[in-house]
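Visitor: I'd like to learn how to read a protein model, starting with the empty space inside. Could you walk me through this one?

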Amino acid sequence: MTYAFFDVQADGDQEVLRPTPASASNWTAEQVRGPAVSAALARATEREAADALPDMRPARWTVDLFRPAKMLPTTVVASIFRQGRRIGLIDAELLQNGRPVARSRALFACPSTTPDGQVWASSPDYRPPPADLRPMPGSPRLYNSDHRGWTPHVDDHLGGAHKQTWHFPVPIVSGEEPTRFQAAAAVADVTNLVLNWGSAGVEFINADITLAISRLPNAMELGLYALDRTVNDGIAVGTAAIFDRQGQLGIVTVVTLANAANKVDIGSRRARVPLLD
């Protein structure tokens with residue numbers, strides 16, 4: 001991909017992220033899309049962990065999206081909350097105009113040997129797309145619905161059928177390759193699309209993201225497969241499997257709120273849909 005979510009510049013000792021047009025949300029062009037917010041927080045978190053938790057790897061990633069992130073200069077601050085023998089916690093805040101608009105907490109765990117006992121495991125029916133199938137120009141994504149299978153065309157999958165998506169990496173900042181953790185953190189926000197894309201478009205907006213993974217992705221391509229969804233009184237909660245070509249690596253859960261008055265009508269907004277959050 002040639003685009004990135006942010007351009008980066010130095011302001012004294014502080015790094016400032018400036019949103020690019022690629023980071024604009026489909027909900028409103030004045031707002032930064034969720035994958036960019038999650039990825040920016042993950043980038044700062046991983047930098048903090050490099051020195052403090054070198055023998056651990058991320059196992060849980062939680063983001064609270066409590067204010068709209070605007071298309072404004074952005075800073076991200078990360079700090080160690082807990083540095084233990086087997087567990088570490090790192091908190092981060094994304095700030096605009098001096099106030100936080102999103103906050104994350106990452107749980108890092110120390111790998112060890114898996115016990116030999118036999119335990120039940122689920123087996124969702126996800127299938128990665130063919131390795132030679134590529135997205136449309138300018139898009140980082142392939143789509144799957146029960147009636148069509150994998151295609152690069154979003155308009156092949158309109159309606160309320162069960163959904164999957166397959167994601168190619170998007171740089172977080174210009175000139176910098178994302179890491180596997182950063183790619184997973186960005187993709188996790190798209191769980192809202194997989195769970196809530198229905199016959200009237202996307203009528204729910206997510207208020208949070210919780211990604212739990214037992215390993216890092218083996219490559220930069222990642223899939224999401226809707227597992228379950230429940231909705232009552234305008235609040236929908238759902239879970240998706242996150243997987244790569246080697247199998248499932250974790251789950252993503254999101255809490256979403258009804259937003260029908262400002263829904264994303266995918267069929268009429270195809271020019272911006274390839275980066276839908």
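Guide: Happy to. Keep in mind that this is a predicted model. Rolling a probe the size of a water molecule over the atoms shows where empty space is left. Here the count comes to 1 cavity of 30 Å³ or more.

Visitor: How much space lies in the largest cavity, and which residues lie nearest its centre?

Guide: The largest cavity holds about 200 Å³ of space. Its lining is made of 20 residues, and F5, F168, V170, A186 and V187 are the ones nearest the centre. As for secondary structure, α1 and α2 (180-188) each bring at least two residues to that lining. Helix α2 gives the most, with 4 residues.

Visitor: And what about space that is open to the outside? How much of it lies in the largest pocket?

Guide: About 280 Å³. The lining of the largest pocket counts 19 residues, with Q31, L65, P68, I205 and N206 nearest its centre. Elements giving two or more residues to this lining are α1, β6 (99-109) and β12 (204-206).

Visitor: Let me pick N206 from that list. Is N206 buried or exposed?

Guide: For a single residue, compare its relative accessibility with the cut-off. N206, which lies in strand β12, counts as buried because its relative accessibility is 9%, and buried means under 20%.

Visitor: Which residues is N206 in contact with, leaving aside neighbours within four places in sequence?

Guide: With that filter, the contacts of N206 are L65, D189, N192, V254, V255 and T256. Take V254: N206 and V254 are 48 residues apart in sequence, yet their C-alpha atoms are 6.4 Å apart in space. Then look at the polar atoms. The N206 side chain makes a polar contact with the side chain of D189 at 2.9 Å, and the N206 side chain also reaches the backbone oxygen of D208 at 3.5 Å.

Visitor: Can I try the same reading on S23? Where is S23 found, and why does S23 count as buried?

Guide: S23 sits in the loop between β2 (14-19) and α1. S23 counts as buried because its relative accessibility is 0%. A polar atom of the S23 side chain lies 2.8 Å from the backbone oxygen of T20. Beyond residues up to four places away in sequence, S23 touches F5, Q31, V32, R33, A36 and M71. Two of those names have come up already: F5 is among the residues nearest the centre of the largest cavity, and Q31 is among those nearest the centre of the largest pocket.

Visitor: Now the nonpolar packing. How many residues has the largest nonpolar core?

Guide: The idea is to follow buried nonpolar side chains from contact to contact. The largest nonpolar core has 60 residues, and F6, V37, L41, W61, L211, I242 and V252 have the most contacts inside it. Helix α1 gives the most to this core, with 9 residues. There is also a second, separate core of 8 residues, including Y126, W150, W166 and F243.

Visitor: What does V252 touch, leaving aside its neighbours within four places in sequence?

Guide: The V252 contacts are A188, T191, I209, T210, L211, L224, G238, T239, A240 and I242.

Visitor: I242 and L224 are both in there. How do the strands around them pair?

Guide: For strands, read direction, bridges and turns. Strand β14 (residues 222-232) runs antiparallel to β15, joined by 9 bridges, and L224 has I242 as its bridge partner in β15. These two strands form a hairpin with 2 residues between them, where D233 in the turn has a positive phi of about 55 degrees. Next, β15 pairs with strand β16 (residues 247-258), again antiparallel, over 10 bridges. There, F243 has Q248 as its bridge partner in β16, and a hairpin through 2 residues joins β15 to β16. As for cover, 8 of the 10 residues of β15 (residues 235-244) are buried.

Visitor: And β7: which of its residues are buried on each side?

Guide: On one side R141, Y143 and S145 are buried, and on the other L142 and N144. Strand β7 pairs antiparallel with β9 (residues 163-167) over 5 bridges, with R141 opposite H167. It is also antiparallel to β8 (residues 149-151), through 3 bridges, and N144 stands opposite W150. W150 is one of the residues in the second core.

Terms used
Residues are numbered from 1 along each chain as its sequence is written. This is a predicted model: local features need pLDDT of at least 70, side-chain atom pairs count only at pLDDT 80 or more; totals for chains, interfaces and linings use all residues. Side-chain values use heavy atoms; hydrogens and water are left out. Buried means under 20% relative accessible area, exposed over 50%, partly exposed in between (1.4 Å probe, protein chains only). Two strands pair if DSSP finds at least two bridges between them. A nonpolar core is a set of buried Ala, Val, Leu, Ile, Met, Phe, Trp, Tyr and Cys residues joined through side-chain atoms within 4.5 Å. Contact means heavy atoms within 4.5 Å. A polar contact is a pair of N or O atoms within 3.5 Å; within protein, one must be able to donate a hydrogen and the other to accept it, and residues adjacent in sequence count only if both atoms are side-chain atoms. On a 1 Å grid over the protein atoms alone, a cavity is a set of points where a 1.4 Å probe fits but cannot get out, and a pocket is an open set with protein on both sides within 12 Å along at least five of seven lines; lining residues have an atom within 4 Å of a point. Grid points are joined across faces, edges and corners, and a volume is the space filled by probe spheres set on the points.
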